[in-house]
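Visitor: I am new to this structure and would like to learn how to read it. Could you walk me through it, one feature at a time?

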Amino acid sequence: MTISEWLDEREAEGVDVSQIVLPDDLSFDEDPEETVFFEEINPCGFLCQGNHPFSTVERFGHWYFCRGQDKKAGIHASGMEWRLFTKDKDLAIKTAKSHME
């Protein structure tokens, strides 16, 4: 079963899937079909291993998975992670960008 199929089933059951956590077997077994958006705030350079605020939008079938760490968390901080599943590509990109402002 794909992530898109699983989300469709949950949605058909009346579950709000916008903030749902994927089962481990689904989240590790499937790569996104497309990365629609990615932005990271990393003033340290590519060799830095610390946490940096980021936003990404990945497409799984007709679903868009937005996730990241809010810019307000700061460089090398933990916490303030967020996620959103939606079928609306424009909403997904707008949400991802808003977490980087």
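**Reading the sheet, the helices and the cores**

Guide: Gladly! Let us begin with the sheet: 4 strands form an open sheet, in the order β1-β2-β3-β4, with antiparallel pairing. Keep in mind that this is a predicted model.

Visitor: Which strands stand at the edges?

Guide: To find an edge, look for a strand with a single partner. Here β1 (34-40) and β4 (81-86) are the edge strands, so each has one side without a neighbour in the sheet. From one strand to the next, the twist averages 10°.

Visitor: How many bridges join β2 to β3?

Guide: Strand β2 (residues 54-60) and β3 run antiparallel and are joined by 7 bridges. You can look for one facing pair yourself: R59 stands opposite Y64 in β3.

Visitor: Now the helices. What does α1 lie across?

Guide: Follow the helix and see which strands it passes. α1 lies across β2, β3 and β4, and its direction is at about 100° to β3. Helix α3 (residues 89-98) also packs on the sheet, where it touches β1, β2, β3 and β4. The direction of α3 makes about 170° with that of β4.

Visitor: Which residues of α3 are buried, and which are exposed?

Guide: A good way to read a helix is to look down its axis. A92, I93, T95 and A96 are buried in α3. These buried residues fall within an arc of 160°, so they line one face of the helix. On the other side of α3, D90 and K94 are exposed. The cover over the buried residues includes β1, β2, β3 and β4.

Visitor: What caps the N-terminal end of α3?

Guide: That is D88, which has a side-chain oxygen 3.0 Å from the backbone nitrogen of D90.

Visitor: I have heard of nonpolar cores. What is the idea, and which residues make up the largest one here?

Guide: In soluble globular proteins, nonpolar side chains tend to be buried together. In this model the largest nonpolar core has 11 residues: I3, W6, L7, V17, I20, L22, L26, F60, W63, F65 and F85. Two or more of them come from each of α1 (3-12) and β3, and α1 gives the largest share, 3 residues. Try L7 as a starting point: beyond its neighbours within four places in sequence, L7 is in contact with V17, I20, L22, W63 and F85. There is also a second, separate core of 8 residues, among them F37, Y64, C66 and A96.

Visitor: Let me try a single residue. Is Q69 buried or exposed?

Guide: The cut-off for buried is under 20% relative accessible area. Q69 has 4% relative accessibility, so it counts as buried. Q69 sits in strand β3 (residues 63-69), and a polar atom of its side chain lies 3.0 Å from the backbone oxygen of G79. Leaving aside neighbours within four places in sequence, the contacts of Q69 include N51, H52, P53, F54 and M100.

Visitor: Finally, what should I look for in the phi angles?

Guide: Most residues other than glycine have a negative phi. The loop between β3 and β4 holds H76, which is not a glycine yet has a positive phi of about 65°. M80 lies in the loop between β3 and β4 too, with a positive phi near 60°.

Visitor: And how accessible are H76 and M80?

Guide: H76 counts as partly exposed, at 45% relative accessibility. M80 is partly exposed as well, at 42%.

Key
Residues are numbered from 1 along each chain as its sequence is written. This is a predicted model: local features need pLDDT of at least 70, side-chain atom pairs count only at pLDDT 80 or more; totals for chains, interfaces and linings use all residues. Side-chain values use heavy atoms; hydrogens and water are left out. Buried means under 20% relative accessible area, exposed over 50%, partly exposed in between (1.4 Å probe, protein chains only). A polar contact is a pair of N or O atoms within 3.5 Å; within protein, one must be able to donate a hydrogen and the other to accept it, and residues adjacent in sequence count only if both atoms are side-chain atoms. Contact means heavy atoms within 4.5 Å. A nonpolar core is a set of buried Ala, Val, Leu, Ile, Met, Phe, Trp, Tyr and Cys residues joined through side-chain atoms within 4.5 Å. Two strands pair if DSSP finds at least two bridges between them. Axes are lines fitted to C-alpha atoms, for helices over the stretch in contact, and angles run from 0 to 180 degrees between N-to-C directions. The arc is that of the directions from the helix axis to the C-beta atoms.
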